There are 2 protein chains.
Amino acid sequence: MSEAPVRRRSARGQGAALRGEVLRAAMDLLTETGQEDAVSLRAVAQRVGVSVPSIYLHFADKQALLDAVCEHVFEALDQALQAAALEGEDAFDGLRLQGVAYVHFALANPEHYRIVLMRKHEGERADLVMASSAFAHFVDSVAQCVEAGVLEGEPDQLAMRLWAAAHGLAALLVAKPYFPWPPLDELVDSVIRMAGIGLAATSRLGDDCTMADVVERLDRLRD
Amino acid sequence: MSEAPVRRRSARGQGAALRGEVLRAAMDLLTETGQEDAVSLRAVAQRVGVSVPSIYLHFADKQALLDAVCEHVFEALDQALQAAALEGEDAFDGLRLQGVAYVHFALANPEHYRIVLMRKHEGERADLVMASSAFAHFVDSVAQCVEAGVLEGEPDQLAMRLWAAAHGLAALLVAKPYFPWPPLDELVDSVIRMAGIGLAATSRLGDDCTMADVVERLDRLRD
DNA sequence: ACGCTAAGTTAGCGATGTTCAGTGAACGGC
DNA sequence: GCCGTTCACTGAACATCGCTAACTTAGCGT
């Protein structure tokens with residue numbers, strides 16, 4: 001139960017080395033246990049082979065440690081999205097693939113995703129999302145679709161709407177894993193398409209047309 | 001600070017009365033403080049004027065108490081959605097209004113919403129969502145749209161997709177209140193319309209058409 | 001060898017969820 | 001009128017949590 005790795009004290013200038021070890025221990029603990037409250041400072045300290053207060057030499061408090069974890073997660077998410085975007089046949093298809101990749105990322109790292117995006121972040125720590133390049137890159141992708149004429153409007157506003165849809169599915173799947181969901185791939189695909197096509201339609205047809213109006217127009221497309 | 005209401009012990013057969021008082025105290029504490037961790041068993045007990053272990057006479061553990069709170073919240077949400085549905089001009093418009101009402105409910109009861117829908121519920125406690133009549137009623141509303149020919153497919157599947165979109169926006173607004181959101185009413189309206197119209201389009205045009213395909217068709221509707 | 005300081009520890013505080021043994025009042029039976 | 005049982009509830013304690021203050025140890029320059 002109790003592995004005491006007997007960590008050697010860092011050399012004189014290398015005090016910051018502990019920071020990296022603590023961070024990695026926290027991330028590993030999170031992925032292994034799969035539940036946030038298993039990541040106690042005592043558990044992290046023991047895994048590193050160090051005493052608890054030593055963590056405070058490099059992180060202001062537990063939340064700061066979790067924030068650092070989140071930063072790493074956001075970078076990984078950013079890379080996943082950028083990789084997905086490149087696979088698309090065109091800009092709009094790239095958007096779709098990013099949506100799918102987004103949900104899959106959340107499913108692959110549920111506890112990380114929860115900490116980053118399902119916790120209440122307020123005040124100074126709130127801009128973690130904005131500070132990440134992931135959101136900025138996604139807005140860029142949306143802007144490409146606007147330039148291509150597929151979407152119309154302000155890219156950041158459009159991006160938020162798509163983000164909401166993707167996050168909704170991701171968050172529900174993470175929070176309610178035992179809900180009787182249909183086969184995942186189908187569900188993800190359908191929700192992402194719904195959002196993409198819905199955004200294209202609403203942004204191009206104007207925001208003031210009624211929903212019934214649009215449905216009527218859809219009828220004419222039937223043939 | 002410390003109000004000790006000196007609660008009188010319940011009469012012989014009325015032991016269950018305490019359950020109601022504890023439940024109400026927990027709900028009030030949640031709405032007043034606005035943060036979940038302010039609802040400690042000691043805080044609840046003190047507010048009721050009773051000792052801590054007495055709570056365990058009526059709730060298996062703290063989570064059971066929170067579950068009971070959630071049950072009440074779901075009932076209120078159900079009523080809000082049903083009231084909103086009646087305002088719609090038709091079934092599809094009723095769906096839209098339910099979406100708007102859903103997000104507004106979350107914004108009005110952010111901490112309750114978080115506990116119910118943004119926490120991990122697993123195992124036996126997972127069916128809290130399914131057990132609530134709110135979801136069933138919403139599926140009924142979707143079914144009416146299917147019967148009216150506005151949507152096509154299995155109502156419960158369609159309902160999940162709309163739920164995902166609405167929840168996504170609600171969850172983001174609750175979790176990131178300091179994010180630079182655009183004006184709320186516009187945002188909510190646009191996301192709900194995106195989902196509704198997107199679902200109508202994807203369900204009627206078939207799931208296998210490409211997104212670019214649909215966009216091309218939308219172009220023809222321009223005039 | 002000495003001193004300074006970086007690097008880390010020991011001990012402890014208050015708060016949390018939870019459990020166990022016990023207490024006092026109300027009721028039924030005799 | 002007394003007794004035993006049961007109901008409603010309490011006091012004290014445990015383990016764990018985040019966090020802090022005060023202390024110790026190891027390594028560098030001189």
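Colleague: How many residues does the contact take from chain B and from chain A?

Modeller: Please bear in mind that this is a predicted model. Contact here means heavy atoms within 4.5 Å. On that basis, 68 residues of chain B and 68 residues of chain A take part.

Colleague: What area is buried between chain B and chain A?

Modeller: Buried area is the accessible area that two parts lose on being put together, summed over both. Between chain B and chain A the value is about 6000 Å², and carbon and sulfur atoms give 71% of this area. On the side of chain B that touches chain A, the elements giving two or more residues are H4 (91-108), H5, H6 (128-131), H8 (155-175), H9 (184-205) and H10 (211-220) of chain B. By class, that side has 40 nonpolar, eleven polar and 17 charged residues.

Colleague: How many salt bridges and how many residue pairs in polar contact are counted between chain B and chain A?

Modeller: The count of salt bridges is zero, while six residue pairs are in polar contact, both residues being at pLDDT 80 or more.

Colleague: How should one read the largest pocket, and which residues lie nearest its centre?

Modeller: Rolling a probe the size of a water molecule over the atoms shows where empty space is left. The largest pocket in this model has a volume of about 1100 Å³. Its lining consists of 28 residues, and those nearest the centre are Glu36(A), Arg119(A), Glu36(B), Arg114(B) and Arg119(B). Helices H3 (62-86) and H5 (110-117) of chain A, together with H3 (62-86) and H5 (110-117) of chain B, each give two or more residues to this lining.

Colleague: Which classes of residue make up the lining of the largest pocket?

Modeller: The lining has 18 charged, seven polar and three nonpolar residues.

Terms used. Residues numbered from 1 in each chain as written. Chains lettered and ligands numbered in written order. Predicted model: local features only at pLDDT ≥ 70, side-chain atom pairs only at ≥ 80, totals over all residues. Heavy atoms only, no water. 1 Å grid on protein atoms, 1.4 Å probe; cavity = no way out; pocket = protein on both sides within 12 Å on 5 of 7 lines; lining within 4 Å. Points joined across faces, edges and corners; volume = space filled by probe spheres on them. Helix = DSSP H or I, 4+ residues; strand = E, 2+ residues; numbered from the N terminus. Nonpolar A, V, L, I, M, F, W, Y, C, P; charged D, E, K, R; others polar. Buried area = accessible area lost by both parts, 1.4 Å probe. Salt bridge = Lys/Arg side-chain N within 4 Å of Asp/Glu carboxyl O. Polar contact = N/O pair within 3.5 Å; in protein donor to acceptor, adjacent residues only side chain to side chain.
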